[in-house]
Amino acid sequence: MTADSKTTDVDPSNAAPWSMEPAEVLARLGSSASGLTPQEAVDRQAHYGLNQLQSEAAVSPLELFIDQFKDLMIGLLAAAAVISALIGEWEDAVLIAIIVVANAVIGFFQEWRAEQAVAALKKLSQPAAHVWRGGHLVEVPVAELVPGDVMELVAGNLIPADGRLLECVDLQVDESPLTGESLPVEKMLERAAVETALPDRLCMVHSGTAAMLGHGRAIVTATGMQTELGKVAALLQNPESRQTPLQARLSILSRQLAVVVLLVAGLLFAIGLLREDRSQWNGALFSTLLLTSVSLAVAAIPEGLPAVITVALSLGSQRMSARRAIIRRLPAVETLGSVNVICSDKTGTLTQNRMAVMDVLPAVENEERAKRELLEAAALCNNSEVNADGTVSGSATEKAIINAAQEAGINVRELKTTETRLDELPFSSARKRMATLHARSDGSRSLIVKGAAEQVLALCSPDERVLALTEDASKFASRGRRMLAVATKPWSGEDLPDEEATESNLKLLGLIGIVDPVRPEASEAIQNCRSAGIRVVMITGDHPGTARAIAEELQLRQPGDEVLTGSELDSLSDEELFAGVPSVSVYARVAPEHKLRIVKALQAHDAVVAMTGDGVNDAPALKQADIGVAMGVTGTDVARESAAMILADDNFTTIVAAVEEGRVVFDNIRKFAAYLLTGNMAEVLVLFMALVLGMPLPLMPIHILWINLVTDGLPAIALGFEPAEDGVMKRKPRRRDAGLFDDGLGWRITIFASLMSLACLAVFLWANHSEADNLKRARTMVFAALSFAQLLFVLSVRVRHHAAWSVSPWSNPWLILAVATGAALQLAVIYVPALAKIFHTTPLGASDFLISLAAAGFGFVAAEVTKAVAYRRR
């Protein structure tokens, strides 16, 4: 068989090397323990390609900027600007163009860094690897590794490719970026079943993980996109994108506005033509009618809405940042308010991501001295060290024991000095225990054995207490504890000869239960979620027993809820998973593909899903979820780049706080959308009725733009500062398909706008006919009436269900400032000569101004009466 034929007979990615003996894997890959020859490596690289991740073509800055204009509302504004310029209304055209460009610039800068996940994946690779080639250990670039290479693995190095272990000595690998395991995984050579889940393939090592302890040797079984890391990258490149709830609602609103604008403008143009004799049709008439139609189009489009929404989302983002939630994508702010399912990782989010001793069970019951003796022995048979500054260095499990001993009043540094270690049988993954020999302060010697409870208990002299503690070990293990047993016996020799002679007839000192403790505030946060109609689901790579125990301790798992493992999930079709997800609250031993399937199944139920994660394995699901939530402290670059939100403190309660802020943001968006559209509808109705009645235009295009952008715009922005109303976290989440103006808000907008327009039209009729040739005065009065109507109306809109005066005006001082500024600017464009010339206004007398103010109050009064009636009904 030639070198080239060796590479084409078998595709290692289709095999299950963890189910084979090392010799079988070597044979299938046409390699040997001494590695490939340099020529074989070159030939295979030509076949398999480089050991690196592929990425999609990056979106250029120009393409990203152009994408900002692919919004229907922006298109409507751009069309209005072009038509305004064509008919000579340059002030209108310039103002609208500024709005369009400013909105695009804001969107461009927000999205510029949103697609960097694959680039972050590449950071997990290292520049060089140590492999055996032709019987020699050489250093080669990671990109040149090929299936069949034999890697040398040492503590502290990243693992550059997937491989089957050929040798390992106390090898422990940190696989948390790939599997979510909180502790380093002890590797062994024994093969596993073909169907074994990724976290349980103990004879395999994987690209992107890191060797923490020991050393080993492995044959490369997969490189590049065929590695488990590469499969994650492939998933990450092809997420199913879908609109956020806010984007969906605004898309619907934009389409509705487009229809209204085209119908109204077309209808007015047709009415204008029909009212004139055909002999009078000329260029001047067409220009006049086109100007009128554009005026109505400008009136119907809430020009300030895109910018105001962006500002509101930014304000929400700032408030979330103050509560330790960092928003990377602005639409996520509002989407959080719609979340009804939170898929949370266990380690570090619901738990503290540290190991702690929770149970100390001495062999002698209810005796404090026995507990102290147990902790002293566990601290001696321990390779962690207490540093001069009081900190503890070592593995997570052993550090937990040292911390527990010190909390019990034991001076561990002094203890290790007086009880000198003479010899050691080191821990191994096969034995699952370690043994140390100590010279005691009284001159005697003693052996101490510490390790997995089931292993050490089997070596102890049997008695009733050993049998009782054996049962306790099983009981506590089922609750998610990592149970260790500590035993001892006198020793007369100078060293420890071998395991069999040493570790027998031991005296049991007791059991120690270690766990990653739950965050004390997490349980309350889960109950708050339940009150808010939000379901919490745990998705973890940990063992089912541990996951179930944590879920029950947090009261996350309710009676009747199921626990589903990754292997069980593999046996389900998409239809079966869809049917089952409503009853599953805990998923354990899951792989990246599982997380993605779970999120998609939940979304198929129209759920708005937030997914938390910190590792590479979480990245595809983070991207697929409506809200991807990455850990800021323990999270990888990949997870952070894939997420819409980052938790600066890795705390589950921060998600709940962010959801509350999201609900407040949506409430505020709803308020100022109603506020702006009420004003826009009033403008449209005034112009439409005036034209139908054969009257001149009551408002000019520049008046409409001023009201929409300045008089309306400032208070609308200030509404973004409104604090949360009572009970914001006591109501159910909004449905994904819920409209922006549900609950009768659309009808109320129509009623308020109609009353405003009728009042303004009455003012125009009176003013335009009370004196001859006074069109400018009449238009100024309507202009003032509509502007002040909106400034009064916003004081009612800010409070959803109660009277405007039931809330202190100083709860949002920015709104008071905005109203005062808007009023001052409105007076300026009427009474300052230079501005009056630009805006085609004329100074109003006291009586005219008071009439305009009286008309302005109709919308405010109607809104307050409507709320009072609704309140009495409730």
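The exercises below, each with a worked solution, concern a predicted model of a single structure.

**Exercise 1.** Describe the chain as a whole, from its secondary structure to its surface.

*Solution.* Begin with the secondary structure, where the chain has 34 helices and 23 strands. Turn next to burial: of the 874 residues of the chain, 54% count as buried. Then consider how the contacts are spread along the sequence, since among those between residues at least 6 apart, 73% join residues at least 24 apart. Finally, the accessible surface of the chain comes to about 36500 Å², and carbon and sulfur atoms account for 58% of that area.

**Exercise 2.** Determine which residues have the most contacts inside the largest nonpolar core, and which helix gives this core its largest share.

*Solution.* The largest nonpolar core has 110 residues, and those with the most contacts inside it are Leu556, Phe652 and Phe672. Its largest share, 18 residues, comes from helix H27, which spans residues 652-692. Apart from this core lies another, of 27 residues, which includes Leu183, Met355, Ala400 and Leu484. To follow one residue further, leave out residues up to four places away in sequence; Phe672 then touches Leu305, Val308, Ile309, Ala312, Ala716 and Leu719.

**Exercise 3.** Locate Ser207 and decide whether Ser207 is buried or exposed.

*Solution.* Ser207 is found in the loop between strand E6 (204-205) and strand E7 (210-222). Its relative accessibility is 12%, and because buried means under 20%, Ser207 counts as buried. As a last step, set aside its neighbours within four places in sequence: Ser207 is in contact with Ile159, Pro160, Ala161, Asp162, Thr227 and Leu229.

Key
Residues numbered from 1 in each chain as written. Predicted model: local features only at pLDDT ≥ 70, side-chain atom pairs only at ≥ 80, totals over all residues. Heavy atoms only, no water. Core = buried A, V, L, I, M, F, W, Y, C linked by side-chain atoms within 4.5 Å. Buried < 20%, exposed > 50% of the residue type's maximum accessible area, 1.4 Å probe, protein only. Helix = DSSP H or I, 4+ residues; strand = E, 2+ residues; numbered from the N terminus. Contact = heavy atoms within 4.5 Å. Areas by Shrake-Rupley, 256 points an atom, 1.4 Å probe, with all protein chains shown as cover.
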